[in-house]
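Here is a short walk through one structure. Keep the sequence and the model side by side as you read.

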Amino acid sequence: MSLKGVRIGFGLTGSHCTYDAVFPEIEKLVNEGAEVIPIVTSTVQRTETRFGKGEDWIDRIEKLTGHHVVDTIVKAEPLGPKNPLACMVIAPMTGNSMSKMANALTDSPVLMAAKATMRNHRPVVLAVSTNDALGLNGINLMRLMDSKDVYFVPYGQDDPEGKPTSMVARMSQIRETIIAALDGKQIQPVIIERFKDPS
């Protein structure tokens with residue numbers, strides 16, 4: 001299946017250490033001809049970390065996709081009824097955003113875009129990056145895994161010895177997960193060895 005002409009919302013949340021793995025996947029979608037609509041949380045916009053400045057990441061994603069970021073809840077709401085998406089991706093999906101989504105809290109543009117997409121019964125693809133997936137956030141992860149129209153990029157422990165409750169998606173499988181989700185299927189296996197080559 002080709003993603004040429006497919007309108008995909010791409011939400012970024014505040015797992016700054018993961019952006020270098022995510023941006024090449026956005027580029028792949030754009031190069032295939034997908035229309036990628038960037039959507040960001042305030043954390044992405046305003047935070048400066050050792051991984052870069054928020055304004056630089058915003059500039060980079062706008063140049064890459066050819067679209068201004070959706071950066072307010074008001075701008076994100078029309079992605080439901082007026083300007084629907086074929087699919088919504090959240091990569092990276094932090095534990096904070098995951099816990100909010102699992103409990104129906106919609107306090108960011110990314111979560112509003114996800115809610116709007118689910119309202120249309122279109123797929124929402126999540127690529128987790130959280131230090132507490134096997135801790136307090138485990139219940140939220142499982143709630144979302146059992147939710148209709150929600151699909152997961154395969155994920156696994158990224159540092160079992162140093163961070164035993166942390167799990168991160170294999171970002172290189174974002175496109176593959178989108179293809180399956182558009183067909184109403186969850187790519188398998190969803191629980192993986194994080195750094196094991198899928199081939």
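Which residue in β5 does I8 stand opposite? The partner is C87. Keep in mind that this model is predicted.

That pair sits where β1 meets strand β5 (residues 87-93). The two strands run parallel and are joined by 4 bridges. β1 also pairs with strand β2 (residues 35-40). This pairing is parallel too, over 6 bridges. Within it, G11 stands opposite I39 of β2. Now look at the surroundings of β1, which spans residues 7-12. Of its 6 residues, 5 are buried, so the rest of the structure largely encloses the strand.

Move next to V70. This residue belongs to the loop between α3 (54-65) and α4 (73-76). Is V70 buried or exposed? V70 is buried, because its relative accessible area is 10%, and the cut-off for buried is under 20%. Its contacts beyond four places in sequence include I37, P38, I39 and V40. K75, A76 and P109 are also in contact with V70. V70 and V40 are 30 residues apart along the chain, yet their C-alpha atoms are separated by 6.4 Å.

Finish at S147, in the loop that links α7 (138-145) to β7 (150-152). S147 has 24% relative accessibility and therefore counts as partly exposed. A polar atom of the S147 side chain lies 2.8 Å from the backbone oxygen of R143. Q157 is 10 residues away along the chain, and the C-alpha atoms of S147 and Q157 are separated by 22 Å.

Notes
Residues are numbered from 1 along each chain as its sequence is written. This is a predicted model: local features need pLDDT of at least 70, side-chain atom pairs count only at pLDDT 80 or more; totals for chains, interfaces and linings use all residues. Side-chain values use heavy atoms; hydrogens and water are left out. Buried means under 20% relative accessible area, exposed over 50%, partly exposed in between (1.4 Å probe, protein chains only). A polar contact is a pair of N or O atoms within 3.5 Å; within protein, one must be able to donate a hydrogen and the other to accept it, and residues adjacent in sequence count only if both atoms are side-chain atoms. Two strands pair if DSSP finds at least two bridges between them. Contact means heavy atoms within 4.5 Å.
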